[in-house]
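Ready for a short guided tour? Please look over the model below and then try the exercises, each with its solution.

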There are 2 protein chains.
Amino acid sequence: MMRRTQTSFLFDLDGTLVDSVYQHVLAWQQALHSAGIELSVWRIHRRIGMSGGLFSEMLLREVSAAITPDLLEKLQRHHAEAYAGLVQWVRPLPGAKDLLAYLTRARLPWAIATSGRMISAQYNLRILEVDPASVPIITRDDVAHAKPDPDLFIAAADRLGVDIHGAVIVGDSIWDMLAARRAQGLGVGLLSGGYGQDELARSGAIRVYDDPADLLRHIDEVGGRV
Amino acid sequence: MMRRTQTSFLFDLDGTLVDSVYQHVLAWQQALHSAGIELSVWRIHRRIGMSGGLFSEMLLREVSAAITPDLLEKLQRHHAEAYAGLVQWVRPLPGAKDLLAYLTRARLPWAIATSGRMISAQYNLRILEVDPASVPIITRDDVAHAKPDPDLFIAAADRLGVDIHGAVIVGDSIWDMLAARRAQGLGVGLLSGGYGQDELARSGAIRVYDDPADLLRHIDEVGGRV
């Protein structure tokens, strides 16, 4: 009898399953502004999806502002408040619910691993109609280091009881792809967070699709056969 | 005596001199939503900077909505209203004012050519402290076809009285770069509108810089010598 490698799917959340990146970008702009910091919006965009602490430290280094625990905490609080005000514009990405339903029907294990905290992720899970009681959700609260460290994806594979070498790690940002490489999983990029195709390929994506609907159409290419 | 090619600079406005792309993106999302159309935000982002009419037609084709003159007019009006509500977050891009002041001091002719209409551009010109009475500003109102058609840049070169073959055409979107190629000018890309470096290079940019400040630091590379 031939052995078959079990494929599993580990998903990023913002920009990958939920169309929330641009709202996060403007929420960060408003949070930084409230701290007297003006930073170009595209630079904020290119940092989204990494650990919130690393994110704030990188942004503050770019404007040469002093990084204090107090400032970091204030920024994260203001961001959460501003995001709550914009969340009315957030939708599931096309095909996201269908893709997850397909994997469930096909008995392919899947989980969600996000650099955000559960307090922000819960909005998005509700929009996506995912019940955290029945699907493994790994957040920043569960690990010591978020993306681009591999901890979130490693924890998600552990929670599913699968070998991460057979895991397809789906994300929209270069931080997902770098974390996928460091976790030794297979990075698959989606354009739905606003990065370009080459940015994702150069950071390690083995395939790049438009969005969850496009990934579902090509699911056989990445081991998603029933 | 050696002949010297006169270099001139033709600038796009949104995302190139003014940090307004992400606000335009969310304003279009709100306008589309008000017409009952839900479209992924990254797809809106990748259409910004092209002619508003073409932009709406492309978006509506993607969602297979019927394109009527009435709907197009309604979308453009809703977009302008939503943008007016977000314009408080719009800033000049780093180095934009310095770059324009440098060119003026160096007696290198420059102009602005935008796919937007003067009614929207006027906010941005005020933020940038550019006086339309003393600088050639070409808008959608002045030409039959906006980007990616070359008309805006050709009109800008004409207004300056310069040969477009010696014009450096600076923009943040692939629509600027495609229009620059069709106008036979030299496209220079900026990352400040949120496109990736390769997207701009593949659409014809001979050089790609971060933002106006980065272009000013490297101005000698593109013929900006005094």
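Two exercises follow, on a predicted model.

**Exercise 1.** Find the open sheet of chain A, then work out which strands are its edge strands and which helices pack on it.

*Solution.*
- Step 1: Begin with the strand order, which reads β5-β4-β1-β6-β7-β8 in chain A. Six strands make up this open sheet, and their pairing is parallel.
- Step 2: Look for strands that pair on one side only; these edge strands are β5 (137–138) and β8 (207–209) of chain A.
- Step 3: Zoom in on β5(A), which two bridges join to the parallel strand β4 (residues 110–113) of chain A. Here Ile138(A) of β5(A) has Ala113(A) opposite.
- Step 4: Now add the helices. Helix α7 (residues 151–160) of chain A touches β1 (8–11), β4, β5 and β6 (167–171) of chain A as it packs on the sheet, and its direction makes about 150 degrees with that of β4(A).
- Step 5: Helix α8 (residues 174–183) of chain A also packs on the sheet, touching β6 and β7 (186–190) of chain A. Between the directions of α8 and β7(A) the angle is about 170 degrees.

**Exercise 2.** Describe the side of chain A that touches chain B: which element gives the most to it?

*Solution.*
- Step 1: Count the contacts: 23 residues of chain A meet 23 residues of chain B.
- Step 2: List the elements of chain A that give two or more residues to this side: α1 (21–34), α2 (41–45) and α9 (197–202).
- Step 3: Pick out α1(A), which gives the most, with four residues.
- Step 4: Sort the residues of this side of chain A by character: 10 are nonpolar, seven polar and six charged.

Note on methods
Residues numbered from 1 in each chain as written. Chains lettered and ligands numbered in written order. Predicted model: local features only at pLDDT ≥ 70, side-chain atom pairs only at ≥ 80, totals over all residues. Pairing = 2+ DSSP bridges. Contact = placed C-beta atoms within 7 Å. Axes fitted to C-alpha atoms, helices over the stretch in contact; angles between N-to-C directions. Nonpolar A, V, L, I, M, F, W, Y, C, P; charged D, E, K, R; others polar.
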